[in-house]
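Biologist: I should like to request a close look at a single part of this model, followed by a connected account of its surroundings.

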Amino acid sequence: METLIQLAMETRTRPRVLLRLTPGIEAHTHTYDQTGQEDSKFGMGVRAGVAFEAVKMALASPQLKLAGFHSHIGSQIFEVAPFKAAVEVLTTFLDEVRSQTGYVASILDLGGGFGIAYNKTDQPVPLREIVSEIGRYTRERLSALQYPLPRLVLEPGRSIVGAAGTTLYTVGNIKTIPGIRTYLSVDGGMADNPRVALYQAVYEGVLANKMNEPLTEVVTVTGKCCESGDMLIWDLPIAPPEPGDILAVFGTGAYNYSMASNYNRLPRPAVVLVADGEAELIVERETYAQVVQNDLIPERLRIKMAEERIAK
Ligand SMILES: Cc1ncc(COP(=O)(O)O)c(C=O)c1O
């Protein structure tokens with residue numbers, strides 16, 4: 001808050017702000033995908049009273065215009081209940097703030113987090129259902145408190161774009177350890193999809209050039225980074241694979257390109273837009289020259305290197 005006020009003063013602006021609240025909700029998702037629990041690096045705790053202090057600070061500051069409140073309880077959530085629990089905490093907070101300061105919020109933002117199906121066991125709640133249930137419950141809570149309806153904002157991310165993406169890998173070496181496992185290596189991995197290494201995400205994939213062949217093999221798809229943790233899919237039923245096959249991994253439209261990195265100094269892949277029989281390149285494949293373009297060799301080492309070359 002202090003930083004924001006300072007920035008507003010420096011830039012002579014008066015930003016409209018939403019305060020990010022931590023409602024103290026633990027959504028049933030991977031720990032690293034939870035953001036609304038009390039013990040979180042995100043947001044200001046409602047229960048701890050920090051949020052209320054921040055409200056007082058925002059209201060007292062001529063630099064800020066408090067527009068309302070925000071929360072985002074996590075990602076890949078497959079139930080409506082945690083969102084309703086957040087609404088309950090936040091609406092109680094709205095009411096408390098109103099009774100102690102007279103402030104009435106004009107925006108209530110509940111963030112995103114609606115899950116998508118990465119594999120057959122993921123069972124997302126249809127968006128229409130989740131949104132109408134959140135809307136209905138928020139309305140019910142606020143009318144019970146006789147609180148004027150703020151604008152309800154949701155911020156879906158993954159549920160809009162996740163299913164739109166498919167990553168195509170080329171199969172490289174195949175290593176079979178008899179009685180243990182077959183590793184199928186591909187020309188990508190945690191650099192283009194860190195979700196498996198970060199949150200044990202479970203994906204499904206197929207050999208795109210063998211779609212009609214029966215799935216007679218089980219393989220573990222491994223990335224090319226120098227990490228044993230660089231795995232893409234464990235125990236994937238697949239058609240008999242060979243180097244050069246194309247492995248298509250589904251549901252990679254969200255948090256893949258945006259989270260891709262140059263881990264191990266790998267160049268990032270290209271992105272192709274495909275629809276209705278048409279395809280266009282929308283992101284060019286990164287070159288190695290681009291990866292190292294900001295590298296500098298200090299003058300003193302250049303001289304030393306040149307001297308060594310001459311000495312040879
Ligand atoms: C504040 C906020 N809102 C919305 C989202 C979107 O979440 P999702 O893609 O899970 O819907 C995120 C994701 O991290 C977020 O941090």
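How many bridges join β1 to β2, and in which sense do the two strands run?

Modeller: The model is a predicted one, and within it β1 and β2 run parallel and are joined by 2 bridges. Leu 21 is placed opposite Met 44 of β2. The pair belongs to an open sheet of 5 strands, whose order is β2-β1-β3-β4-β5 and whose pairing is parallel. In that order β2 (44–45) is an edge strand, as is β5 (151–153), each of them pairing on one side only.

From the sheet one may turn to the packing around β1. The largest nonpolar core has 26 residues, and those that touch the most other members are Leu 19, Leu 21, Ala 86, Leu 90 and Phe 93. At least two residues of this core come from each of β1 (16–22), α2 (50–60), β3 (65–70) and α3 (81–101). The largest share, 7 residues, is supplied by α3. Leu 21 thus appears both in the pairing with β2 and among the core members with the most contacts to other members. Leu 21 is also a contact of Leu 90. When neighbours within four places in sequence are set aside, the other contacts of Leu 90 are Pro 23, Phe 69, Ser 71 and Leu 108. A second core, separate from this one, has 14 residues, including Val 186, Val 196, Ile 233 and Val 249.

Helix α1 (residues 2–10) offers a contrasting case: of its 9 residues, the number buried is 0, and the helix is hardly covered. After α1 comes Arg 12, with a positive phi near 50 degrees.

The domain assignment places domain 1 at 2–160 and domain 2 at 165–291. Their centres, taken over C-alpha atoms, are separated by 35 Å. Contact between the two involves 8 residues of domain 1 and 10 residues of domain 2. On the domain 1 side, the touching residues comprise 3 nonpolar, 3 polar and 2 charged.

The ligand has its own shell of residues, among them His 72, Ser 75, Phe 114, Glu 155, Arg 158 and Ala 254. The run Gly 111, Gly 112 and Gly 113 also lies around the ligand. By class, the shell divides into 3 nonpolar, 7 polar and 2 charged residues.

Further along the chain, strand β7 (residues 181–186) and strand β9 (residues 217–222) run parallel and are joined by 3 bridges. Within this pair, Tyr 183 is opposite Thr 220 of β9. The pairing of β9 with β10 is antiparallel and extends over 5 bridges. There, Thr 222 has Met 231 of β10 as its bridge partner.

Two further backbone positions merit attention. Most residues other than glycine have a negative phi. Asp 235, although not a glycine, has a positive phi of about 50 degrees, and its place is in strand β10 (residues 231–238). Asp 235 is exposed, having 12 other C-beta atoms within 10 Å. Arg 265 likewise is not a glycine and has a positive phi, of about 55 degrees. Arg 265 lies in the loop between β11 (246–250) and β12 (271–275). Arg 265 counts as exposed because its C-beta neighbours inside 10 Å number 11.

How values were computed: Residues are numbered from 1 along each chain as its sequence is written. This is a predicted model: local features need pLDDT of at least 70, side-chain atom pairs count only at pLDDT 80 or more; totals for chains, interfaces and linings use all residues. A nonpolar core is a set of buried Ala, Val, Leu, Ile, Met, Phe, Trp, Tyr and Cys residues joined through C-beta atoms within 7 Å. A residue is buried if 20 or more other C-beta atoms lie within 10 Å of its own, exposed if 12 or fewer, and partly exposed in between; C-beta atoms are placed from the backbone. Helices (H or I, at least four residues) and strands (E, at least two) are DSSP runs, numbered from the N terminus. Two residues are in contact if their C-beta atoms, placed from the backbone, lie within 7 Å. Domain bounds come from an automatic or database domain assignment. Ala, Val, Leu, Ile, Met, Phe, Trp, Tyr, Cys and Pro count as nonpolar, Asp, Glu, Lys and Arg as charged, and the others, Gly among them, as polar. A residue is near a molecule or strand if its C-beta atom, placed from the backbone, lies within 6 Å of it. Two strands pair if DSSP finds at least two bridges between them.
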